[in-house]
Amino acid sequence: MDRRKGTLILTAAGLAACAAFFIYGVKNGLFVSEEAMAQFLSGLGIWGPFAFVALQVVQVVIPIVPGGISCLVGVLLFGPVWGFLYNYVGICAGSVLAFQIARKFGMPAVERAAGSQKIGRYLKWMENGVFDRLFAAAIFFPAAPDDLLCFLAGVTKMRFRRFLAIILLGKPLSIALYSLGLTVVFDQILKLAG
């Protein structure tokens, strides 16, 4: 089996798994209730972390819940170290899947992923030949639309190895900032409420 065919098969399998989990999650209210998600994951026992990682993969490709919220859920359910690790693995895998989807299906996949987000500024990055550098900078900071940028990267001439290096090196900081920042905010809210 050649490399392209293998990539296509993995992409198709990933999409099918994302779609199946998404349908299951919608039917069971997993994406609207933290309690439902926690109950679902705890009911899976040792498979709970795998399901959470799958959720993170899905939320990159199909934005069900904001990424920051799912990062917070990971830290609350699994603690700061394991929650960070599961967030990192799932988000990196989802980012790779988004890149591969856009690489295979082109700009229509990017437009679908963008939804109502304005992508004009990012298209200018592509036209000006600075996409790679600005993409790398954006991935390091938690405020950028990372998921959309991963789709956009898939329609550029960026090599997969470069994309992967940027994701693997850039994601830890933004995930840690999201997780830590939202955990602090969540703790403050609990103190005010209690």
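This report walks through a predicted model of one protein chain, from its overall make-up to single residues.

## Overall make-up

The protein chain has 10 helices and zero strands. Read from the N terminus, its elements run α-α-α-α-α-α-α-α-α-α.

How much of the chain is buried? Of its 194 residues, 42% count as buried. The accessible surface comes to about 10900 Å². Carbon and sulfur atoms hold 67% of that surface. Now take the contacts in the chain with a separation of 6 or more: residues 24 or more positions apart account for 70% of them.

## Where α5 meets α6

Helix α5 covers residues 80–105, and helix α6 covers residues 107–114. Their axes come within 6 Å. They cross at roughly 135 degrees. That angle makes α5 oblique to α6, because it falls outside the ranges for roughly parallel, roughly perpendicular and roughly antiparallel, the last of which starts over 145 degrees.

Which residues make the contact? From α5 come Ile101, Ala102 and Phe105. From α6 come Met107, Pro108, Ala109 and Val110. By class, this contact has seven nonpolar residues, no polar ones and no charged ones.

## The nonpolar cores

The largest nonpolar core has 35 residues. Which members touch the most others? They are Phe131, Phe135, Leu149, Phe151 and Phe163. Several helices feed this core with at least two residues each: α3 (48–61), α5, α6, α7 (120–127), α8 (131–140), α9 (146–153) and α10 (160–193). Helix α5 gives the most, with eight residues.

Look at Phe163 in the model. Beyond residues up to four places away in sequence, Phe163 touches Ser95, Val96, Phe99, Phe135, Cys150, Ala153 and Met158. Apart from the largest core lies another core, of 11 residues. Among its members are Phe21, Leu41, Leu55 and Val58.

## Ala51 in helix α3

Ala51 lies in helix α3. Is Ala51 buried or exposed? Its relative accessibility is 11%, so Ala51 counts as buried, the cut-off being under 20%.

What does Ala51 contact? Setting aside neighbours within four places in sequence, Ala51 is in contact with Phe21, Phe40, Leu41 and Leu44. Two of these names, Phe21 and Leu41, also appear in the core of 11 residues. Ala51 and Gly90 are 39 residues apart in sequence. In space, their C-alpha atoms are 9.7 Å apart.

## Tyr86 in helix α5

Tyr86 is found in helix α5. Its relative accessible area is 16%, so Tyr86 is buried. Not counting residues up to four places away in sequence, Tyr86 touches Pro49, Phe52, Val53, Gln56 and Phe78.

Tyr86 and Val75 are 11 residues apart along the chain. Their C-alpha atoms are separated by 9.0 Å.

## Two residues of helix α8

Leu134 and Ile139 both sit in helix α8. Start with Leu134. Its relative accessible area is 31%, so Leu134 is partly exposed. Leu134 and Tyr122 are 12 residues apart along the chain. Their C-alpha atoms are separated by 9.1 Å.

Now turn to Ile139. What is its relative accessible area? The value is 0%, so Ile139 is buried. Leaving out residues up to four places away in sequence, Ile139 touches Asp146, Ile166, Ile167, Gly170, Lys171 and Ser174. Ile139 and Ile175 are 36 residues apart along the chain, and 10.0 Å separates their C-alpha atoms.

Conventions
Residues numbered from 1 in each chain as written. Predicted model: local features only at pLDDT ≥ 70, side-chain atom pairs only at ≥ 80, totals over all residues. Heavy atoms only, no water. Axes fitted to C-alpha atoms, helices over the stretch in contact; angles between N-to-C directions. Helix = DSSP H or I, 4+ residues; strand = E, 2+ residues; numbered from the N terminus. Parallel < 35°, antiparallel > 145°, perpendicular 65-115°, else oblique. Contact = heavy atoms within 4.5 Å. Nonpolar A, V, L, I, M, F, W, Y, C, P; charged D, E, K, R; others polar. Core = buried A, V, L, I, M, F, W, Y, C linked by side-chain atoms within 4.5 Å. Buried < 20%, exposed > 50% of the residue type's maximum accessible area, 1.4 Å probe, protein only. Areas by Shrake-Rupley, 256 points an atom, 1.4 Å probe, with all protein chains shown as cover.
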